[in-house]
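Visitor: I'd like to learn how to read side-chain contacts in a model like this. Could you walk me through a few?

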Amino acid sequence: MNAALPESLRPDGGAHEALRRDLAALVGDTHTSTATADRVAYARDLWPRQVIGVRAGIPAPAPPAVVVWPAHVDEVAAVVRYANGHQIPIVPYGAGSGVCGGVLPTRGAIVLDTKRMRAVRAIDEARLIVDAEAGILGQHLEDRLGERGFTLGHFPSSIYCSTLGGWLAGRSAGQCSGRYGKIEDMVLGLTCVDGRGEVHRLDLEGDGRDLIPLVVGSEGILAVLTDARLRIAPAPRTRRFASYTFDTTESGLAAIRTMLQAGLRPAVARLYDPFDSLIARRNKPPRAPSGIIEGPAPTKPLSPGLGARLLTRALRSPGALNTLIESLPGPALGGAMLILVWEDEPAVADAEVAEAERLCTQAGGRTTGEEPARAWLARRHSVSYRQSPMLAMGAFVDTMEVASPWSTLLPMYRAVHHALSPHVFVMAHFSHAYPDGGSIYFTFAGAAADDESALAKYDAAWRDALRAVVDAGGTLSHHHGVGRSKAPAMRREQGAAIDVVRALKSILDPNDILNPGALIGGADDAR
Amino acid sequence: MHADVLGQCLRDALGDVVRGAHDTLRVRPESISQISRLFRLANTHRFHIAVPGSQLVAGRGVVTLDLDALPRIRALDIESQILHVEGGALVSTVECHLRARGLTLGASDVLDPRQSVSDWLASGAPGARAHADDPVDQLVCGLDVVLPDGTELTIRPAPRRAVGPDLVPAFVGGRAALGVIVGAHLVARRDTPRTQITYRFATRDAAESARAWVRGYGVRPASITLTEDSERAILIVSIEGSRGVRDACLATVARVAAERGGIPCNDASPLAPSSTPISGPSAIVRALGRALDPANVLGPARTEGDSLS
């Protein structure tokens with residue numbers, strides 16, 4: 001049976017089992033595993049590059065030696081101290097839904113899964129604070145808060161398959177960031193274990209003022225997050241919806257900017273470029289009325305029929321398709337669609353809706369009623385589940401979310417579009433707006449004759465797009481993080497800041513055992 | 001190095017931006033590259049530099065960095081409402097510049113008119129709007145810093161980013177433990193009419209709860225200050241924006257306050273603010289400072305009270 005396994009998964013003469021026994025003494029025998037299935041499952045996240053690898057028959061290029069499931073911060077500290085003493089890499093693991101190669105073990109590493117630490121410890125209703133453990137799944141946390149009439153207000157499209165710890169490690173953003181902020185804006189305190197096994201309990205009012213922002217977003221290279229204290233809000237009693245169509249992306253962006261700078265705070269402000277608008281308009285709300293939280297819409301697998309073959313073929317030469325769509329005037333495609341959702345108190349929301357109506361109309365927008373915004377809400381988590389059919393038919397799909405000040409947002413949009421166009425078919429929407437700028441979410445799809453060529457095309461698309469982002473004055477990521485996929489471009493954007501982070505890592509993780517290779521690169525850089 | 005020799009050495013390297021003698025040596029650079037050069041000299045010749053925002057005071061072996069010659073407003077990106085200023089610009093000058101264009105930093109009136117941007121930010125931007133009052137807003141979206149070894153570090157302006165640890169709070173409020181702020185990208189806000197209301201509560205807990213729920217309901221106050229003495233807690237709420245939004249927010253604030261026993265009052269007497277003042281860098285950030293500054297250029301004050309080796 002072992003002969004059928006790839007070389008990376010074959011038994012190693014007992015070293016893995018010896019390591020597992022040592023770790024079992026720290027967390028319990030049933031909370032460790034060297035099973036092949038576990039080692040394969042924990043060998044990657046959802047970085048599309050790795051998914052292409054799986055399709056090519058490489059499910060786990062560098063599987064971990066052992067997976068451990070500690071239940072308490074003290075057990076995490078014990079595992080980290082052990083690993084530090086033996087200089088074994090540790091990869092902190094939430095739910096593995098990241099798309100940047102943030103959790104990609106090196107061979108022989110320990111994967112530390114936080115999902116046994118999933119308690120909601122306390123909800124302070126008077127001060128609107130929740131204390132929760134890092135391994136809780138996002139939807140479970142939201143459910144627990146919802147039972148008491150509260151919300152965290154954090155709704156990434158991965159909410160069903162991502163953890164609180166993962167959100168914090170990657171500076172996640174939810175779809176309602178306009179009302180509640182990003183995850184880092186909600187943190188009041190946290191507990192983490194550094195690479196020496198020391199436990200830090202940080203409070204925003206104390207030592208956490210400067211340390212929390214350093215640990216949050218560190219993608220597991222500085223510390224393992226074990227719990228957090230977060231600001232919550234009363235669950236919305238009502239929502240308000242609006243949508244507008246603009247002739248151009250430019251005028252739609254001007255409307256969003258004007259609203260944000262006037263102090264309006266719609267929970268959702270999403271502007272689709274004309275082609276993305278065309279796709280988005282096809283989204284209809286489900287027939288049956290649904291509640292506040294809806295499940296993902298089922299996706300129909302594409303059979304390898306004529307349509308799929310034609311699409312794959314078209315994606316192999318995307319330049320002409322991109323040029324054709326770009327050459328069409330916005331109105332020919334139906335214009336750029338803006339959807340707005342509010343979750344404030346009814347009187348506040350009504351006042352903001354009226355003010356938004358005035359500003360959008362002033363910017364050239366034509367109201368298209370509530371339905372497009374309602375339709376988006378009903379399907380808001382389904383986008384993450386649409387990639388599999390494309391992969392199954394031999395193509396690849398990825399997303400790229402970048403940000404910049406308003407003055408460079410549109411030039412960056414054009415530059416990245418231009419950089420991606422020769423390699424992949426590209427569309428985009430603008431979401432997560434702030435008074436000083438916003439984020440662009442590119443979705444792109446490509447195909448090639450075989451998986452090796454697909455990987456080459458994929459890498460070229462990312463390389464050129466990241467360069468365009470930095471050259472245009474943007475930041476490489478707004479909320480997906482860096483992982484391994486963007487690490488090679490970090491120096492170009494961050495400059496000497498990389499050296500400051502390295503110096504910090506040398507203090508908190510002197511043996512470089514925590515998630516080596518992620519964020520700031522390393523010897524095992526995957527690209 | 002003897003003070004006279006040091007002074008001559010600095011003049012040879014930096015020219016007439018060096019002032020004073022003996023224990024009052026001051027360097028008044030006219031460019032960031034001159035600041036870098038000064039820091040490199042300090043590493044080579046082992047002297048300390050007192051920079052804006054740090055607690056190191058002038059004296060023997062200490063050269064004072066004066067940013068007076070870097071007072072310029074480099075650019076106002078009116079579309080993004082981002083002002084790029086040099087570290088030596090006075091906060092009051094910046095505010096005047098913005099007000100003339102219908103904008104403001106949104107900080108309260110406690111601003112020291114003589115304070116430079118570098119000093120103000122290194123001290124934690126006292127008077128600035130609390131982030132909790134509007135999580136979507138921010139004051140500093142980018143920074144220019146010179147590290148202790150003379151390296152120029154630029155944090156490019158961005159509304160938000162997910163590219164690793166956020167270094168901005170290590171510098172803003174960091175009392176120059178990691179380097180000196182020589183420029184900043186500050187986010188301005190519309191200077192719109194404000195309405196201020198005050199509520200008196202029987203306990204601090206009730207006032208704290210009211211503040212949390214005001215924010216929780218989505219009211220984004222321009223400021224919300226909790227002050228207290230032994231007998232009462234006072235919540236002073238300032239609301240801005242268009243008339244319609246302001247009225248709706250004021251109604252929400254009134255309801256939240258009433259539910260917790262808050263009574264409207266005219267009492268805005270200056271009780272001590274209950275917020276904790278910024279305590280300077282944490283032990284680990286101080287350790288980071290030492291790692292970035294092995295020659296201890298930014299001074300011994302940073303090492304006080306540390307147990308972390």
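Guide: We'll go through ring pairs, charges over rings, salt bridges and the chain contact. Keep in mind that this is a predicted model.

Visitor: Let's start with the rings. How many aromatic pairs are there over all chains?

Guide: The structure holds 9 of them. To sort a pair, look at the angle between the planes: over 60 degrees counts as edge-to-face. Take A:Phe444 and A:Trp462: their planes are at 70° and their centres 5.8 Å apart, so this pair is edge-to-face. A:Phe444 belongs to strand E18 (residues 437–447) and A:Trp462 to helix H17 (residues 451–471), so the pair ties together parts of chain A that are 18 residues apart in sequence.

Visitor: Is A:Phe444 buried or exposed? And what about A:Trp462?

Guide: Buried means under 20% relative accessible area. A:Phe444 has 1%, so it's buried, and A:Trp462, at 2%, is buried too. Rings can also group: A:Tyr42, A:Trp69 and A:Tyr93 make up one aromatic cluster.

Visitor: Which ring does the charged end of A:Arg380 sit over?

Guide: That of A:Phe155, 4.6 Å from the ring centre. In chain B, B:Arg255 lies over the face of B:Tyr217, at 5.0 Å from the centre of the ring.

Visitor: Now salt bridges. How many are there over all chains?

Guide: A search of the whole structure gives 54. Here the idea is to ask where each partner sits. A:Glu17 and A:Arg21 pair up with their closest N and O atoms 3.6 Å apart. Both are in helix H1 (residues 15–27) of chain A, 4 residues apart, about one turn of the helix. A:Glu17 is partly exposed at 29% relative accessibility, and A:Arg21 is partly exposed at 48%.

Visitor: What links distant parts of chain B?

Guide: Try B:Arg72 and B:Glu86, whose side chains meet in a salt bridge at 3.1 Å, N to O. B:Arg72 is in the loop between strands E4 (62–65) and E5 (73–77), while B:Glu86 is in strand E6 (residues 82–86), 14 residues apart. B:Arg72 is partly exposed at 43%, whereas B:Glu86 is buried at 3%.

Visitor: And how many salt bridges run between chain A and chain B?

Guide: The count is 5. One of them joins A:Glu345 to B:Arg255, with the closest N and O atoms 2.3 Å apart. For the contact as a whole, chain A brings 81 residues and chain B 66 residues. The two chains bury about 5700 Å² between them, 61% of it on carbon and sulfur atoms.

Technical notes. Residues numbered from 1 in each chain as written. Chains lettered and ligands numbered in written order. Predicted model: local features only at pLDDT ≥ 70, side-chain atom pairs only at ≥ 80, totals over all residues. Heavy atoms only, no water. Phe/Tyr/Trp six-rings, centres within 6.5 Å; stacked < 30°, edge-to-face > 60°. Helix = DSSP H or I, 4+ residues; strand = E, 2+ residues; numbered from the N terminus. Buried < 20%, exposed > 50% of the residue type's maximum accessible area, 1.4 Å probe, protein only. Lys NZ or Arg CZ within 6 Å of the ring centre and 35° of its normal. Contact = heavy atoms within 4.5 Å. Buried area = accessible area lost by both parts, 1.4 Å probe. Salt bridge = Lys/Arg side-chain N within 4 Å of Asp/Glu carboxyl O.
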